[in-house]
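The following paragraphs lead through one protein model, beginning with its sheet and ending with its pocket. Please keep the coordinates open while reading.

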Amino acid sequence: MSDAAISKTDILELTIERDYAHPVSAVFRVWTDAEALRHWMGPGEVECPGAQMDAREGGTYAFPMITPDGKNPIVRGTILELVPNRKLRFTWAWDHEDTAAGQQMEVSLDFHESDTGTRLVLHHI
């Protein structure tokens, strides 16, 4: 689909399933603990040393990132649902350069025990 074929009314969704050789409690913790998030949040060489997380329903988070070229994108949102070791659902919006909030999306993470540890299902809409 070309960019010209995407309208503002189209809903784009992404679902990713991954298996981790760690218990559900450990995988859940790295998504809900600010210190843990500071060690891995961000793609590739992007760092997130200032990650903030208030892991409770109604709590907020902010992931101010540092890119290799010195840019500082920030994603932030609100926790909509939190069921320990089972589910984490939150809003997701990138700040614009003028610090205004961007388009709000929603992310849902489902944590499932598996034979090898944890199956994580991420759904982003």
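In this predicted model, seven strands form an open sheet in the order 1-7-6-5-4-3-2, with antiparallel pairing. The edges are taken by strand 1 and strand 2 (52-53); each has a single partner strand, so one side of each is left without a neighbour in the sheet.

Within this sheet, strand 4 (74-83) and strand 5 (87-94) offer a convenient place to look at the pairing in detail. Strand 4 and strand 5 pair in the antiparallel sense over six bridges. Leu82 stands opposite Leu88, the latter belonging to strand 5. The loop between strand 4 and strand 5 contains Asn85. Most residues other than glycine have a negative phi. Asn85, although not a glycine, has a positive phi of about 65°. Because its relative accessible area is 33%, between the limits of 20% and 50%, Asn85 is classed as partly exposed.

The charged side chains may be considered next. The model contains nine salt bridges in total. One of them joins Asp95 and Arg76, with an N to O distance of 2.9 Å. This pair links distant parts of the chain: Arg76 belongs to strand 4, whereas Asp95 lies in the loop between strand 5 and strand 6 (105-114), and the two are 19 residues apart. How do the partners stand with respect to solvent accessibility, buried or partly exposed? Asp95 is buried, because its relative accessible area of 17% is under 20%. Arg76, by contrast, is partly exposed, with a relative accessible area of 36%.

A salt bridge within a helix is found between Glu35 and Arg38, whose closest N and O atoms are 2.9 Å apart. Both residues belong to helix 2 (residues 34-40), and because they are three residues apart, about one helical turn separates them. Glu35 is partly exposed at 42% relative accessibility, and Arg38 is also partly exposed, at 31%.

A further salt bridge brings together the side chains of Arg56 and Asp54, again at 2.9 Å from N to O. Arg56 has a relative accessible area of 45% and is therefore partly exposed. Asp54 falls in the partly exposed class as well, with a relative accessibility of 29%.

Salt bridges also connect Glu17, Asp19 and Arg119 in a network. Residues 17 and 19 fall within strand 1 (14-20), and residue 119 falls within strand 7 (117-124). In the strand order of the sheet, strand 1 and strand 7 are adjacent.

The same two strands lead on to the largest pocket, which encloses about 560 Å³ of space. Strand 1 and strand 7 each give two or more residues to its lining, as do helix 1 (24-32) and strand 5. The lining comprises 20 residues, and those nearest the centre of the pocket are Tyr20, Trp31, Trp40, Met41 and Leu122. Which classes of residue make up this lining? It has 16 nonpolar residues, three polar residues and one charged residue.

Strand 5 thus appears in several parts of this account: it pairs with strand 4, it precedes the loop that holds Asp95, and it contributes to the lining of the largest pocket.

How values were computed:
Residues numbered from 1 in each chain as written. Predicted model: local features only at pLDDT ≥ 70, side-chain atom pairs only at ≥ 80, totals over all residues. Heavy atoms only, no water. 1 Å grid on protein atoms, 1.4 Å probe; cavity = no way out; pocket = protein on both sides within 12 Å on 5 of 7 lines; lining within 4 Å. Points joined across faces, edges and corners; volume = space filled by probe spheres on them. Helix = DSSP H or I, 4+ residues; strand = E, 2+ residues; numbered from the N terminus. Nonpolar A, V, L, I, M, F, W, Y, C, P; charged D, E, K, R; others polar. Buried < 20%, exposed > 50% of the residue type's maximum accessible area, 1.4 Å probe, protein only. Salt bridge = Lys/Arg side-chain N within 4 Å of Asp/Glu carboxyl O. Pairing = 2+ DSSP bridges.
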